[in-house]
Amino acid sequence: MKVKVLGAGLEVGRSGFLVNCEGANYLLDYGVNLGKNLQAPMHVMPKEVDSIIVTHAHLDHSGYVPLMYVSGTCPVYATPPTFDLSRILIEDMLRLEKEAHPFGLPEVHKMYSHAKRIGFGEKITHGKSSFELRDSGHVVGGGTVLVESEGKKLFYTGDINVNGSRMLREADLDIGEIDMLITESTYSQTEQMPRKESEEKFIEFANEILDQKGTLFVPAFSVERSQEIACILKNAKFKHKIIMDGMALSVNEVLLRYPEYLRDYEVFVDAIENTVWVRTHSERKRELAEPCVVISPAGMLVGGNAVFYLQELALDKKNGIALVSYQGEGTPGRRLLDSGKISVHGRERKAEAQVRQFEFSGHSDRNALFDLIKKIKGNPKVLTVHGDGNACTKFAQEINERFGFDAHAPKMGDVISI
(Lines give C-alpha, C1' and ligand atoms only; values in the text may rest on other atoms or scores of the structure.)
Protein backbone atom coordinates (compact mmCIF):
# COMPACT_ATOMS: atom_id res chain seq x y z
CA MET A 1 0.00 0.00 0.00
CA LYS A 2 1.34 3.44 -0.99
CA VAL A 3 0.14 6.87 0.07
CA LYS A 4 0.87 10.04 -1.91
CA VAL A 5 0.38 13.30 -0.02
CA LEU A 6 -1.49 15.71 -2.32
CA GLY A 7 -2.28 18.32 0.33
CA ALA A 8 -2.31 19.09 4.09
CA GLY A 9 1.42 18.39 4.33
CA LEU A 10 2.97 20.85 6.83
CA GLU A 11 -0.14 23.05 6.51
CA VAL A 12 -3.76 23.26 7.62
CA GLY A 13 -6.31 22.43 4.94
CA ARG A 14 -6.55 21.41 1.27
CA SER A 15 -6.47 17.79 2.35
CA GLY A 16 -5.89 15.11 -0.27
CA PHE A 17 -4.28 11.64 -0.16
CA LEU A 18 -4.01 9.14 -2.97
CA VAL A 19 -3.88 5.59 -1.63
CA ASN A 20 -2.61 2.92 -4.01
CA CYS A 21 -3.85 -0.54 -3.03
CA GLU A 22 -3.69 -3.85 -4.84
CA GLY A 23 -5.88 -3.22 -7.88
CA ALA A 24 -7.41 0.07 -6.69
CA ASN A 25 -6.55 3.74 -6.16
CA TYR A 26 -8.53 5.61 -3.52
CA LEU A 27 -8.59 9.40 -3.22
CA LEU A 28 -9.19 10.37 0.41
CA ASP A 29 -10.57 13.93 0.40
CA TYR A 30 -9.78 16.63 -2.14
CA GLY A 31 -10.21 20.04 -0.53
CA VAL A 32 -9.31 23.67 -1.10
CA ASN A 33 -8.00 26.57 0.97
CA LEU A 34 -9.96 29.72 0.27
CA GLY A 35 -8.70 33.25 0.80
CA LYS A 36 -6.53 35.78 -0.98
CA ASN A 37 -4.33 33.02 -2.41
CA LEU A 38 -6.60 30.14 -3.34
CA GLN A 39 -4.75 26.84 -2.85
CA ALA A 40 -5.78 23.48 -4.32
CA PRO A 41 -4.14 20.10 -3.68
CA MET A 42 -1.63 18.62 -6.14
CA HIS A 43 -3.27 17.58 -9.37
CA VAL A 44 -4.21 13.96 -9.87
CA MET A 45 -5.49 12.50 -13.13
CA PRO A 46 -9.14 11.39 -12.75
CA LYS A 47 -8.36 8.21 -14.68
CA GLU A 48 -5.90 7.27 -11.91
CA VAL A 49 -8.70 7.22 -9.31
CA ASP A 50 -11.11 4.31 -8.80
CA SER A 51 -13.06 5.76 -5.85
CA ILE A 52 -13.17 9.05 -3.98
CA ILE A 53 -13.94 9.02 -0.24
CA VAL A 54 -14.94 12.33 1.38
CA THR A 55 -14.54 12.42 5.16
CA HIS A 56 -16.75 15.45 5.79
CA ALA A 57 -18.37 18.51 4.28
CA HIS A 58 -15.91 21.28 5.12
CA LEU A 59 -14.44 22.83 1.97
CA ASP A 60 -10.83 22.11 2.92
CA HIS A 61 -11.76 18.43 2.56
CA SER A 62 -14.56 18.41 -0.04
CA GLY A 63 -14.27 21.63 -2.03
CA TYR A 64 -12.28 20.44 -5.04
CA VAL A 65 -13.85 17.02 -5.54
CA PRO A 66 -15.90 18.46 -8.48
CA LEU A 67 -12.61 19.03 -10.33
CA MET A 68 -12.35 15.25 -10.68
CA TYR A 69 -15.53 15.34 -12.77
CA VAL A 70 -14.29 17.65 -15.50
CA SER A 71 -13.25 14.42 -17.22
CA GLY A 72 -13.77 11.69 -14.59
CA THR A 73 -16.67 9.37 -13.81
CA CYS A 74 -15.60 7.38 -10.74
CA PRO A 75 -17.92 6.89 -7.76
CA VAL A 76 -17.61 9.23 -4.77
CA TYR A 77 -18.47 7.92 -1.29
CA ALA A 78 -19.61 9.79 1.82
CA THR A 79 -22.39 9.74 4.39
CA PRO A 80 -25.75 11.27 3.37
CA PRO A 81 -25.31 14.37 5.59
CA THR A 82 -21.83 14.96 4.14
CA PHE A 83 -23.22 14.99 0.60
CA ASP A 84 -26.07 17.33 1.51
CA LEU A 85 -23.89 19.74 3.49
CA SER A 86 -20.96 19.76 1.06
CA ARG A 87 -23.34 20.60 -1.78
CA ILE A 88 -24.54 23.69 0.11
CA LEU A 89 -20.95 24.78 0.80
CA ILE A 90 -19.54 24.05 -2.67
CA GLU A 91 -22.40 25.79 -4.48
CA ASP A 92 -22.04 28.80 -2.16
CA MET A 93 -18.29 28.87 -2.88
CA LEU A 94 -19.00 28.96 -6.62
CA ARG A 95 -21.67 31.63 -6.19
CA LEU A 96 -19.23 33.89 -4.34
CA GLU A 97 -16.20 33.16 -6.54
CA LYS A 98 -17.59 32.35 -9.97
CA GLU A 99 -14.38 32.84 -11.94
CA ALA A 100 -11.87 31.57 -9.39
CA HIS A 101 -12.29 27.82 -9.88
CA PRO A 102 -11.55 25.49 -12.84
CA PHE A 103 -15.01 23.92 -12.63
CA GLY A 104 -18.61 25.04 -12.25
CA LEU A 105 -22.09 23.82 -11.45
CA PRO A 106 -22.13 21.23 -14.29
CA GLU A 107 -19.20 19.42 -12.64
CA VAL A 108 -20.90 19.68 -9.23
CA HIS A 109 -24.05 18.10 -10.67
CA LYS A 110 -21.93 15.39 -12.31
CA MET A 111 -20.20 14.70 -9.01
CA TYR A 112 -23.51 14.20 -7.22
CA SER A 113 -24.80 11.96 -10.02
CA HIS A 114 -21.91 9.62 -9.08
CA ALA A 115 -22.55 9.87 -5.33
CA LYS A 116 -22.68 6.64 -3.31
CA ARG A 117 -24.20 7.29 0.10
CA ILE A 118 -22.85 4.98 2.81
CA GLY A 119 -23.27 4.71 6.56
CA PHE A 120 -20.63 4.31 9.25
CA GLY A 121 -19.17 0.80 9.34
CA GLU A 122 -20.43 -0.08 5.85
CA LYS A 123 -17.54 -1.88 4.15
CA ILE A 124 -17.05 -1.22 0.42
CA THR A 125 -14.90 -3.76 -1.44
CA HIS A 126 -12.96 -3.04 -4.62
CA GLY A 127 -10.90 -5.95 -5.91
CA LYS A 128 -8.72 -7.20 -3.06
CA SER A 129 -9.09 -4.03 -0.98
CA SER A 130 -11.84 -2.36 1.02
CA PHE A 131 -12.66 0.83 2.90
CA GLU A 132 -15.23 2.05 5.41
CA LEU A 133 -16.12 5.23 7.29
CA ARG A 134 -16.23 5.50 11.07
CA ASP A 135 -17.73 8.31 13.18
CA SER A 136 -15.16 11.11 13.69
CA GLY A 137 -17.08 13.27 16.22
CA HIS A 138 -15.96 16.36 14.26
CA VAL A 139 -18.98 17.47 12.27
CA VAL A 140 -22.40 15.99 11.47
CA GLY A 141 -21.91 13.03 9.13
CA GLY A 142 -18.13 13.37 9.35
CA GLY A 143 -16.04 10.23 9.33
CA THR A 144 -12.60 8.75 9.58
CA VAL A 145 -11.49 6.24 6.92
CA LEU A 146 -10.23 2.68 7.42
CA VAL A 147 -8.61 1.13 4.32
CA GLU A 148 -7.58 -2.55 4.16
CA SER A 149 -5.45 -4.17 1.47
CA GLU A 150 -2.96 -7.04 1.27
CA GLY A 151 -3.26 -7.70 4.98
CA LYS A 152 -2.44 -4.06 5.81
CA LYS A 153 -4.69 -1.45 7.42
CA LEU A 154 -4.54 2.32 7.08
CA PHE A 155 -6.50 4.67 9.36
CA TYR A 156 -7.03 8.29 8.27
CA THR A 157 -8.52 10.60 10.89
CA GLY A 158 -9.57 13.42 8.54
CA ASP A 159 -10.59 15.99 11.16
CA ILE A 160 -11.41 14.29 14.45
CA ASN A 161 -12.91 15.22 17.80
CA VAL A 162 -12.16 12.26 20.05
CA ASN A 163 -14.59 13.45 22.75
CA GLY A 164 -17.45 14.61 20.51
CA SER A 165 -19.65 17.53 21.57
CA ARG A 166 -23.18 18.37 22.74
CA MET A 167 -24.41 17.48 19.26
CA LEU A 168 -22.06 14.65 18.29
CA ARG A 169 -21.01 11.32 19.75
CA GLU A 170 -17.33 10.69 20.51
CA ALA A 171 -15.13 9.29 17.74
CA ASP A 172 -15.24 5.54 17.05
CA LEU A 173 -11.71 4.23 17.64
CA ASP A 174 -12.54 0.51 17.71
CA ILE A 175 -10.43 -0.23 14.62
CA GLY A 176 -8.13 -3.08 15.68
CA GLU A 177 -4.44 -3.19 14.79
CA ILE A 178 -3.31 -0.80 12.07
CA ASP A 179 -0.17 -0.42 9.95
CA MET A 180 -0.42 3.27 9.09
CA LEU A 181 -2.04 6.25 10.81
CA ILE A 182 -2.59 9.56 9.01
CA THR A 183 -3.57 11.97 11.77
CA GLU A 184 -4.50 15.62 11.82
CA SER A 185 -2.22 17.86 13.91
CA THR A 186 -4.21 21.11 13.96
CA TYR A 187 -4.14 21.63 17.73
CA SER A 188 -1.38 19.16 18.58
CA GLN A 189 0.57 21.93 20.33
CA THR A 190 -2.43 23.54 22.04
CA GLU A 191 -4.34 22.65 25.20
CA GLN A 192 -7.84 24.00 24.83
CA MET A 193 -10.02 25.17 27.68
CA PRO A 194 -12.29 22.30 28.84
CA ARG A 195 -15.59 22.50 26.95
CA LYS A 196 -17.67 22.80 30.13
CA GLU A 197 -15.64 25.82 31.23
CA SER A 198 -15.94 27.45 27.78
CA GLU A 199 -19.69 26.96 27.86
CA GLU A 200 -19.99 28.49 31.33
CA LYS A 201 -17.92 31.55 30.38
CA PHE A 202 -19.92 32.00 27.16
CA ILE A 203 -23.27 31.84 28.99
CA GLU A 204 -21.97 34.26 31.63
CA PHE A 205 -21.00 36.75 28.89
CA ALA A 206 -24.36 36.32 27.10
CA ASN A 207 -26.29 37.02 30.29
CA GLU A 208 -24.08 40.00 31.10
CA ILE A 209 -24.77 41.61 27.71
CA LEU A 210 -28.51 40.90 27.70
CA ASP A 211 -28.93 42.05 31.31
CA GLN A 212 -27.59 45.48 30.29
CA LYS A 213 -30.15 45.57 27.45
CA GLY A 214 -27.55 44.92 24.78
CA THR A 215 -27.52 42.43 21.89
CA LEU A 216 -24.93 39.65 21.63
CA PHE A 217 -23.68 38.86 18.13
CA VAL A 218 -22.23 35.36 17.67
CA PRO A 219 -20.64 34.96 14.20
CA ALA A 220 -20.41 31.20 13.76
CA PHE A 221 -19.64 28.62 11.09
CA SER A 222 -22.90 27.57 9.44
CA VAL A 223 -22.17 23.82 9.65
CA GLU A 224 -22.62 22.67 13.23
CA ARG A 225 -21.03 25.55 15.18
CA SER A 226 -24.17 27.68 14.85
CA GLN A 227 -26.33 24.75 15.95
CA GLU A 228 -23.95 23.87 18.80
CA ILE A 229 -24.23 27.41 20.19
CA ALA A 230 -28.05 27.14 20.07
CA CYS A 231 -27.84 23.83 22.00
CA ILE A 232 -25.53 25.37 24.62
CA LEU A 233 -27.93 28.27 25.17
CA LYS A 234 -30.90 25.91 25.42
CA ASN A 235 -29.08 23.65 27.89
CA ALA A 236 -28.38 26.71 30.08
CA LYS A 237 -32.12 27.59 30.04
CA PHE A 238 -31.21 30.94 28.49
CA LYS A 239 -34.27 33.15 28.84
CA HIS A 240 -33.71 35.72 26.10
CA LYS A 241 -34.62 35.66 22.41
CA ILE A 242 -32.20 33.89 20.05
CA ILE A 243 -32.24 34.48 16.30
CA MET A 244 -30.46 32.48 13.57
CA ASP A 245 -29.69 33.71 10.10
CA GLY A 246 -27.92 32.91 6.85
CA MET A 247 -26.70 29.55 5.60
CA ALA A 248 -27.11 28.09 9.11
CA LEU A 249 -30.85 27.81 8.34
CA SER A 250 -30.20 25.56 5.31
CA VAL A 251 -27.90 23.46 7.49
CA ASN A 252 -30.65 23.21 10.15
CA GLU A 253 -32.98 21.74 7.53
CA VAL A 254 -30.37 19.13 6.53
CA LEU A 255 -29.64 18.08 10.12
CA LEU A 256 -33.33 17.69 10.93
CA ARG A 257 -33.42 14.92 8.29
CA TYR A 258 -30.68 12.83 9.96
CA PRO A 259 -31.51 12.08 13.60
CA GLU A 260 -29.27 9.00 13.62
CA TYR A 261 -26.14 11.15 13.17
CA LEU A 262 -26.78 13.28 16.27
CA ARG A 263 -25.97 12.51 19.90
CA ASP A 264 -29.45 13.57 21.04
CA TYR A 265 -31.90 14.49 18.31
CA GLU A 266 -34.59 15.74 20.72
CA VAL A 267 -32.17 18.20 22.33
CA PHE A 268 -31.19 19.49 18.88
CA VAL A 269 -34.81 19.89 17.73
CA ASP A 270 -35.73 21.65 20.97
CA ALA A 271 -32.82 24.09 20.62
CA ILE A 272 -33.55 24.87 16.97
CA GLU A 273 -37.29 25.29 17.53
CA ASN A 274 -36.54 27.83 20.25
CA THR A 275 -34.70 30.13 17.84
CA VAL A 276 -36.23 32.67 15.49
CA TRP A 277 -35.26 31.89 11.87
CA VAL A 278 -34.53 35.13 10.01
CA ARG A 279 -34.57 35.03 6.21
CA THR A 280 -35.11 38.58 4.93
CA HIS A 281 -33.57 41.98 5.50
CA SER A 282 -36.82 43.39 6.88
CA GLU A 283 -37.02 40.53 9.41
CA ARG A 284 -33.39 41.21 10.33
CA LYS A 285 -34.12 44.87 11.11
CA ARG A 286 -37.30 44.00 13.01
CA GLU A 287 -35.72 41.36 15.24
CA LEU A 288 -32.85 43.67 16.19
CA ALA A 289 -35.34 46.18 17.60
CA GLU A 290 -35.09 44.43 20.97
CA PRO A 291 -32.11 42.83 22.79
CA CYS A 292 -31.37 39.28 21.66
CA VAL A 293 -28.63 36.81 20.74
CA VAL A 294 -27.84 36.73 17.01
CA ILE A 295 -26.21 33.57 15.60
CA SER A 296 -25.14 34.10 11.99
CA PRO A 297 -22.40 33.06 9.57
CA ALA A 298 -19.75 33.86 8.53
CA GLY A 299 -17.69 32.61 11.46
CA MET A 300 -14.63 34.72 10.53
CA LEU A 301 -16.77 37.73 9.52
CA VAL A 302 -15.88 37.22 5.85
CA GLY A 303 -19.01 38.31 3.99
CA GLY A 304 -22.52 37.01 4.54
CA ASN A 305 -25.07 38.53 6.88
CA ALA A 306 -22.37 38.78 9.54
CA VAL A 307 -21.22 42.04 7.90
CA PHE A 308 -24.66 43.60 8.40
CA TYR A 309 -24.84 42.55 12.05
CA LEU A 310 -21.29 43.72 12.73
CA GLN A 311 -22.01 47.17 11.32
CA GLU A 312 -25.31 47.41 13.20
CA LEU A 313 -24.01 46.25 16.58
CA ALA A 314 -20.27 46.83 16.91
CA LEU A 315 -20.38 50.59 17.51
CA ASP A 316 -22.54 50.44 20.66
CA LYS A 317 -20.73 49.63 23.92
CA LYS A 318 -23.73 47.92 25.48
CA ASN A 319 -23.54 45.17 22.82
CA GLY A 320 -21.22 42.18 22.71
CA ILE A 321 -19.47 40.06 20.08
CA ALA A 322 -18.63 36.45 20.94
CA LEU A 323 -16.11 34.88 18.56
CA VAL A 324 -16.69 31.12 18.76
CA SER A 325 -15.06 29.99 15.49
CA TYR A 326 -11.45 29.77 14.38
CA GLN A 327 -10.19 33.16 13.16
CA GLY A 328 -7.83 32.68 10.21
CA GLU A 329 -4.92 34.99 9.44
CA GLY A 330 -5.96 38.01 7.40
CA THR A 331 -9.69 37.67 8.11
CA PRO A 332 -11.89 40.47 9.50
CA GLY A 333 -12.49 38.29 12.58
CA ARG A 334 -8.77 38.04 13.32
CA ARG A 335 -8.39 41.79 12.74
CA LEU A 336 -11.21 42.53 15.20
CA LEU A 337 -9.65 40.19 17.75
CA ASP A 338 -6.13 41.57 17.42
CA SER A 339 -6.77 45.29 16.91
CA GLY A 340 -10.39 45.96 17.88
CA LYS A 341 -10.94 47.52 14.44
CA ILE A 342 -13.72 46.86 11.93
CA SER A 343 -14.64 48.22 8.51
CA VAL A 344 -17.95 50.13 8.36
CA HIS A 345 -19.04 51.11 4.85
CA GLY A 346 -15.41 51.16 3.75
CA ARG A 347 -14.13 53.18 6.72
CA GLU A 348 -12.00 51.82 9.56
CA ARG A 349 -13.70 52.20 12.93
CA LYS A 350 -12.96 51.06 16.46
CA ALA A 351 -15.46 48.52 17.77
CA GLU A 352 -17.15 49.79 20.94
CA ALA A 353 -18.92 46.50 21.68
CA GLN A 354 -17.23 44.10 24.10
CA VAL A 355 -15.36 41.41 22.14
CA ARG A 356 -14.55 38.02 23.65
CA GLN A 357 -13.23 34.79 22.17
CA PHE A 358 -14.40 31.36 23.33
CA GLU A 359 -12.95 27.95 22.47
CA PHE A 360 -15.50 25.68 20.80
CA SER A 361 -13.23 23.87 18.38
CA GLY A 362 -14.49 20.81 16.54
CA HIS A 363 -10.92 19.44 16.55
CA SER A 364 -9.17 17.41 19.23
CA ASP A 365 -6.60 19.36 21.19
CA ARG A 366 -3.16 18.16 22.26
CA ASN A 367 -4.39 16.00 25.15
CA ALA A 368 -7.15 14.36 23.11
CA LEU A 369 -4.77 13.65 20.21
CA PHE A 370 -2.38 11.90 22.58
CA ASP A 371 -5.36 9.90 23.94
CA LEU A 372 -6.04 8.88 20.34
CA ILE A 373 -2.44 7.70 19.87
CA LYS A 374 -2.57 5.76 23.16
CA LYS A 375 -5.58 3.80 21.93
CA ILE A 376 -3.93 2.79 18.66
CA LYS A 377 -3.10 -0.91 18.45
CA GLY A 378 -0.23 -2.32 16.42
CA ASN A 379 3.03 -0.61 15.45
CA PRO A 380 1.97 1.78 12.69
CA LYS A 381 3.88 4.27 10.63
CA VAL A 382 2.41 7.66 11.57
CA LEU A 383 2.01 10.64 9.25
CA THR A 384 1.22 13.93 11.00
CA VAL A 385 -0.66 16.29 8.67
CA HIS A 386 -3.19 19.14 8.65
CA GLY A 387 -1.31 21.45 11.01
CA ASP A 388 1.12 24.29 10.55
CA GLY A 389 4.68 23.17 9.86
CA ASN A 390 5.79 23.35 13.49
CA ALA A 391 2.69 21.54 14.78
CA CYS A 392 3.17 18.66 12.34
CA THR A 393 6.91 18.22 12.89
CA LYS A 394 6.79 18.62 16.69
CA PHE A 395 3.84 16.23 16.98
CA ALA A 396 5.66 13.59 14.94
CA GLN A 397 8.74 13.96 17.12
CA GLU A 398 6.67 13.63 20.30
CA ILE A 399 4.83 10.54 19.00
CA ASN A 400 8.17 8.93 18.24
CA GLU A 401 9.58 9.77 21.68
CA ARG A 402 6.48 8.80 23.69
CA PHE A 403 5.25 5.75 21.81
CA GLY A 404 8.19 4.57 19.72
CA PHE A 405 6.20 4.74 16.48
CA ASP A 406 7.94 5.62 13.20
CA ALA A 407 6.37 9.07 12.85
CA HIS A 408 7.15 11.95 10.55
CA ALA A 409 5.54 15.03 9.01
CA PRO A 410 5.36 14.52 5.22
CA LYS A 411 5.39 17.35 2.73
CA MET A 412 3.26 17.62 -0.40
CA GLY A 413 4.33 15.12 -3.05
CA ASP A 414 5.84 12.61 -0.61
CA VAL A 415 5.02 8.93 -1.17
CA ILE A 416 5.04 6.59 1.83
CA SER A 417 4.77 2.79 1.62
CA ILE A 418 3.75 0.08 4.07
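Two strands count as paired if DSSP finds at least two bridges between them. Keep that in mind for this tour of a predicted model.

**Stop 1: strand β16**

Select residues 320-323, which make up strand β16. In β19, the bridge partner of L323 is Q357. Now add residues 354-357 to the selection, and you have the whole of β19. β16 and β19 pair in the parallel sense, over four bridges.

Next, pick out β12, residues 216-219. Two bridges join β12 to β16, and these strands also run parallel. Find L216: opposite it in β16 stands G320.

Turn on the side chains of β16. Which residues point each way? G320 and A322 point one way, I321 and L323 the other. All of them are buried.

**Stop 2: helix α5**

Move to residues 225-235, helix α5. Nine of its eleven residues are buried, so the helix is largely enclosed by the rest of the structure. The buried ones are R225, S226, Q227, E228, I229, A230, C231, I232 and L233.

What do they pack against? Show α4 (195-211), α6 (247-255) and α7 (265-273), which are among the partners. Then show the strands: β12, β13 (242-245) and β15 (293-296) also touch the buried residues of α5. β12 is the strand you met at the first stop, joined to β16.

Step just past the helix to K237. K237 takes a positive phi of about 55 degrees.

**Stop 3: D211**

Select D211, in helix α4. Buried or exposed? D211 is exposed, with a relative accessible area of 51%; the cut-off for exposed is over 50%. Leaving aside neighbours within four places in sequence, D211 is in contact with K239 and H240.

Now draw a distance from D211 to G413. The two are 202 residues apart in sequence. From C-alpha to C-alpha, D211 and G413 are 55 Å apart.

**Stop 4: the sheet from β7 to β21**

Colour seven strands in this order: β7-β8-β9-β10-β11-β20-β21. They form an open sheet with mixed pairing. Look at the edges. β7 (124-126) and β21 (406-408) each have a single partner strand, so one side of each is left without a neighbour in the sheet. The twist averages 15 degrees from one strand to the next.

Add helix α12, residues 389-403. This helix packs on the sheet and touches β11 (180-184), β20 (381-385) and β21. The direction of α12 makes about 155 degrees with that of β20.

**Stop 5: strand β8, close up**

Stay in that sheet and zoom in on β8, residues 129-135. Seven of its seven residues are buried, so β8 is largely enclosed by the rest of the structure. S129, F131, L133 and D135 point one way. S130, E132 and R134 point the other way.

Look at the β7 side. Three bridges join β7 to β8, and the two strands run antiparallel. H126 has S129 as its bridge partner in β8, and T125 stands opposite S130. The hairpin of β7 and β8 has two residues between the strands. In that hairpin, G127 takes a positive phi near 65 degrees.

Now look at the β9 side, residues 143-149. β8 and β9 pair in the antiparallel sense over seven bridges. Here the bridge partner of S129 is S149.

**Stop 6: the sheet from β6 to β22**

Recolour for another open sheet of seven strands, in the order β6-β5-β4-β3-β2-β1-β22. Its pairing is mixed. β6 (115-117) and β22 (415-417) stand at the edges, each with a single partner strand, so one side of each has no neighbour in the sheet. Neighbouring strands here are turned by 25 degrees against each other on average, direction ignored.

Pick β4 (51-53) and β5 (76-78). Two bridges join them, and they run parallel. I52 has V76 as its bridge partner in β5.

**Stop 7: the second largest pocket**

Finish with an open space. The second largest pocket has a volume of about 250 Å³. Select N161, N163, Q192, R195 and D365: of the 15 lining residues, these lie nearest the centre. Then show helix α11, residues 366-375. This helix gives the largest share of the lining, three residues.

What is the lining made of? The residues divide into three nonpolar, eight polar and four charged.

Terms used:
Residues are numbered from 1 along each chain as its sequence is written. This is a predicted model: local features need pLDDT of at least 70, side-chain atom pairs count only at pLDDT 80 or more; totals for chains, interfaces and linings use all residues. Side-chain values use heavy atoms; hydrogens and water are left out. On a 1 Å grid over the protein atoms alone, a cavity is a set of points where a 1.4 Å probe fits but cannot get out, and a pocket is an open set with protein on both sides within 12 Å along at least five of seven lines; lining residues have an atom within 4 Å of a point. Grid points are joined across faces, edges and corners, and a volume is the space filled by probe spheres set on the points. Ala, Val, Leu, Ile, Met, Phe, Trp, Tyr, Cys and Pro count as nonpolar, Asp, Glu, Lys and Arg as charged, and the others, Gly among them, as polar. Buried means under 20% relative accessible area, exposed over 50%, partly exposed in between (1.4 Å probe, protein chains only). Axes are lines fitted to C-alpha atoms, for helices over the stretch in contact, and angles run from 0 to 180 degrees between N-to-C directions. Contact means heavy atoms within 4.5 Å.
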